[in-house]
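Reader: I am in my first year and would like a close look at one part of this structure. Please take me through it slowly.

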Amino acid sequence: MHKVIISALLACLLSFSAHSCQLRMGADSYFPPHLIPGDNDWQGLSIELARVLAKEAGCELTILQSPWRRSLQLIAQGQLDMISHLSFSEQRQQDFHFIGPHHLETVVLIGDPQRLPALHKLEQLASWPKEFLVAILNGAYYGEAFEQLTARTDFGPTLVEIRSHEDKLALLDSGRVDAVLEDQSTLYHWQQTGQMEHRSYQQLLVVYQNPVYFGFSRHTISEQMAVQLDEAWQRLYQQGVLQQIRARHLPELPLPAPAAIF
């Protein structure tokens, strides 16, 4: 009788522990093929990876729609637990555990090469006239070289900060901007889904390449929980689960090997 009671109590405790970890993830409105909002649920590569990671770590995942800049603020305030596509920096390490990486981000400049001056290196962007408009994501990091270039007094084009990825192609199509900075995988998605069919937009220049991570808030996620999440990610990688998910969305781009940063 006592053994039955003890076994039942252990089962309850294990059940409670398996669901006691709640993860709130901020997601921008549209960032294909990584973040795609649906009528009732979210889809996309990063969403699928986040879900299998949460399940493997014994957590429940909730996706909350939030623009990128707002998500960073909510993380700092302890109102969100995680975001995706976070580039590492020493400053951000004060607020985040970095689990992954889940993607090798390659930021490219996209535009019509027939309308824009030729570019062979990033420094040539400074020679573009001020009336040229380039859309960038508010709060995004495009590498130290780009930061230094845009800080120069002689930097050429005007940078237009927008709140979400979904507006970039629309701005480009409408002629309200001349070029956009976007991840190479999104350009691939636009091309594969026919969103850029019969258009002359091309990759003009690689601006920045960098691994990106799931960022977990140091304000709400303990060091112990971060280790648990990293171990779960490594198990999924060793089992090939992450690679299978990746192959359904970006078969031409391999998944980076695990390299968490605490």
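Author: What follows describes one disulfide. This is a predicted model, in which local features need pLDDT of at least 70, side-chain atom pairs count only at pLDDT 80 or more, and totals for chains, interfaces and linings use all residues. Residues are numbered from 1 along each chain as its sequence is written, and side-chain values use heavy atoms, with hydrogens and water left out.

In general, a disulfide is a covalent bond between the sulfur atoms of two cysteines. The working rule here is a pair of cysteine sulfur atoms within 2.5 Å. Searching the whole structure by that rule gives 1 disulfide. Its partners are C21 and C59, with 2.0 Å between their sulfur atoms. C21 belongs to strand β1 (residues 21–27) and C59 to strand β4 (residues 59–65), so the bond ties together parts that are 38 residues apart in sequence. Strands of this kind are DSSP runs of E with at least two residues, numbered from the N terminus.

The link also has a handedness. About the S-S bond the angle is 85°, and the link of C21 and C59 is right-handed.

Are the two cysteines, C21 and C59, buried or exposed? Both C21 and C59 are buried. Buried means under 20% relative accessible area, exposed means over 50%, and partly exposed lies in between, with a 1.4 Å probe and protein chains only.

Key: Helices (H or I, at least four residues) and strands (E, at least two) are DSSP runs, numbered from the N terminus.
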